[in-house]
Amino acid sequence: MVDAAVRPSTTPAEPQDAAHTPQIDVAAVNDALMGTWADTRREAREMIKDSAFWRKDELGKDEHRERVLSQLHLLVENKAVHRAFPKSLGGEENNGANIAGFEELVVADPSLQIKSGVQWGLFGSAILQLGTTEHHEKWLPGVMDLSIPGAFAMTEIGHGSDVAAVGTTATYDPATEEFVIHTPFRAATKEYLGNAALHGIAATVFAQLITNGVNHGVHCFYVPLRGEDGNDLPGIGREDDGLKGGLNGIDNGRLSFDQVRIPRTNLLNRYGDVAADGTYSSAIDSPGRRFFTMLGTLVQGRVSLDGAASWASALALKIAITYATQRRQFDGADGQEVVLLDYGKHQRRLLPRLATTYAQIFAHDEFLQKFDGVFSGRIDTPADREDLETLAAALKPLSTWHALDTLQEAREACGGAGFMFENRLVGLRADLDIYVTFEGDNNVLLQLVGKRLLTDYAQQFQGKDAAALAKFAVGMTAGKVFHGAGLRQLGQAVSDFGQVSRSVERGLREEQQHDLLAGRVQQMVADIASRLRPGAKDKALGARLFNENQAELIEAARAHGELLQWEAFTDAVHEIEDADTKKVLTWLRDLFGLQLIEKHLAWHLINGRLSTQRAAAVSSYIDRLCARLRPYALDLVDAFGYEPEHVRAPIASGIEKQRQDEARAYYADLEASGQAPVREKKVKREPLGDLKQR
């Protein structure tokens with residue numbers, strides 16, 4: 001299959017009619033999926049082959065917590081936690097490798113992945129990114145070797161994603177040169193904090209900095225929680241969140257503060273400082289920009305959730321597709337039971353999700369490259385940081401939602417076996433549930449993306465004269481905004497190409513898929529901007545109009561994230577050198593693109609992007625793509641590179657094939673022996689005497 005730009009003038013033959021059947025270079029696909037930091041990923045996977053890192057399903061909450069704490073010490077012993085920290089302290093200053101390594105822990109135990117992320121990716125990173133050299137030298141060695149286990153105290157009971165509105169205060173007292181950390185009301189209690197219930201002896205606390213009667217907004221403070229005697233310090237309130245829906249290896253809890261005093265120098269003052277006399281200073285004049293700059297330094301949590309969720313989806317599909325190629329159910333035309341993945345519906349359940357997982361993994365590597373560039377300082381400009389934050393807010397929601405959907409569908413696709421805890425799917429589904437609200441509720445994050453899209457849209461018109469604006473307005477008629485010739489061509493009659501299914505295949509290839517996906521984002525943003533325009537100078541009207549269009553804005557942001565994933569998948573396909581492998585991955589990319597188009601067929605029809613006939617043919621072509629990809633399903637999940645120690649699901653171990661082969665051999669032997677009982681239907685068709693004579 002070739003790209004639309006260079007397609008032949010004749011309709012290509014179907015693969016099953018071709019003399020050559022493509023073969024996948026699994027190793028090459030694995031290299032592509034493992035991405036920029038493949039060596040680190042492989043190193044991490046080799047480490048977690050050790051059963052000491054594995055989740056023990058039979059453990060209760062308390063035992064699970066202690067096991068995960070012991071696993072963190074094992075990470076320290078294996079030098080798996082130092083990659084992002086300064087070289088002067090024994091680190092590597094390799095931010096991309098750091099995230100890549102931590103993401104791989106999800107297949108060992110998601111509780112291990114998240115608790116390690118709390119310790120080194122949040123608590124430690126807050127000190128590293130928001131503090132200065134003095135703070136680094138004082139606390140980071142203890143963070144790195146786990147002698148200072150800590151909590152990241154940002155979220156409050158009353159304010160989750162709305163960090164700017166947290167209620168905790170840090171009021172400066174110039175008489176003693178101390179900050180007074182205080183929880184003024186119950187809703188300001190810090191909540192859901194890993195390491196807070198038991199293990200944390202310090203916390204990075206986000207609070208409203210007040211000095212000389214002025215609130216300078218949210219800043220971060222290093223607050224000790226326990227003394228050397230192991231007891232909580234005066235004024236520290238600590239509560240255990242108890243049993244949760246998942247991740248019970250993490251000691252989540254609440255922290256509150258009753259007039260807790262800390263030294264002035266415990267303010268992590270990279271972006272804002274308070275002098276001994278209480279004078280506040282910052283290199284960033286705008287309070288809003290200062291706040292978002294501080295939060296932007298902590299974006300790695302969203303980066304790691306995007307990657308971990310994508311690889312958890314890969315593991316689920318490795319289990320479900322392996323099982324589906326072995327488990328047999330219902331007699332086929334030849335009288336033999338059919339393996340599940342040979343059923344069209346089963347292909348439809350799993351293969352589009354496989355395509356999406358590939359897209360997400362490829363997009364994540366590009367995302368991780370951007371993160372590493374910003375945090376290494378190579379491309380660290382305000383624009384780069386804004387782009388990184390937008391990427392994080394666009395991709396983390398899609399991958400975490402997809403993980404829950406894939407784990408659930410994989411569970412159902414494995415029937416009762418999928419519901420058994422030993423087969424991993426229900427446990428992973430429970431543990432990853434919280435990922436959709438970790439580091440920001442997904443809908444709130446997508447709203448941030450939508451606002452950025454509106455800003456970028458508006459910037460197109462800055463400085464434009466009346467003639468240019470009028471020309472643009474003409475282009476908006478009949479819903480044709482940004483509609484280029486290539487898109488209009490998709491509205492041609494299907495008879496232009498003959499057979500309906502082939503017209504879709506030839507007419508919705510790479511270039512046209514991109515046009516449809518990009519055009520949808522652009523038109524949705526343009527339409528929303530047009531509806532919001534009357535409220536530009538009326539604050540109340542603007543708020544009402546924004547609220548009325550909020551759902552569509554979030555949907556536009558989601559479409560933008562899907563477009564980014566499609567583009568990353570396409571770039572990855574272009575990098576593949578082996579022709580057969582590129583062909584199969586092109587089919588998989590097409591499956592991803594077309595199922596996105598299918599999901600929004602109504603929009604494409606309403607807005608004149610597809611003819612009715614062509615839209616009707618999209619689903620049938622997806623079915624054909626699934627059938628085309630069926631022979632490569634095992635290779636495509638094997639390319640994830642998971643070994644038995646990573647999978648640890650009996651139904652994906654080959655045991656199901658053994659059972660099925662045993663059953664088939666039993667019935668074959670019975671039939672050959674002449675002792676097989678006669679089926680009742682056959683008795684009714686022929687006299688019993690005739691049957692006995694045979």
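This tour moves through a predicted model, from one loop residue to a set of aromatic rings and the charged side chains over two of them.

Begin by selecting T183, which is placed in the loop between β3 (178–182) and β4 (190–193). With a relative accessibility of 13%, T183 counts as buried, and if you show its surroundings while leaving aside neighbours within four places in sequence, you will find it in contact with A188, T189, S256 and F257.

Turn next to the aromatic rings, of which a search of the whole structure finds 17 pairs. One of these is formed by F291 and F292, an edge-to-face pair with 5.2 Å from centre to centre and 70 degrees between the planes. Colour the two by accessibility: F291 is buried, at 11% relative accessible area, whereas F292, at 49%, is partly exposed.

Now select W311 and Y642, whose ring centres are 6.1 Å apart and whose planes stand at 85 degrees, so that this pair too is edge-to-face. Because W311 belongs to helix α8 (residues 300–324) and Y642 to the loop between α22 (633–638) and α23 (644–647), the pair ties together parts that lie 331 residues apart in sequence. W311 is buried at 1% relative accessibility, and Y642 is buried at 7%.

Keep both selected and add Y358, F362, F569 and F640, which together with W311 and Y642 form one aromatic cluster. Then display R45, which lies over the face of W311 at 4.7 Å from the ring centre.

For the last stop, select W587 and R628, where the charged end of R628 sits over the ring of W587, 5.2 Å from its centre.

Note on methods. Residues are numbered from 1 along each chain as its sequence is written. This is a predicted model: local features need pLDDT of at least 70, side-chain atom pairs count only at pLDDT 80 or more; totals for chains, interfaces and linings use all residues. Side-chain values use heavy atoms; hydrogens and water are left out. Helices (H or I, at least four residues) and strands (E, at least two) are DSSP runs, numbered from the N terminus. Buried means under 20% relative accessible area, exposed over 50%, partly exposed in between (1.4 Å probe, protein chains only). Contact means heavy atoms within 4.5 Å. Rings of Phe, Tyr and Trp (its six-membered ring) pair if their centres lie within 6.5 Å; planes under 30 degrees apart count as stacked, over 60 as edge-to-face and the rest as tilted. A charge sits over a ring if NZ of Lys or CZ of Arg is within 6 Å of the ring centre and within 35 degrees of the ring normal.
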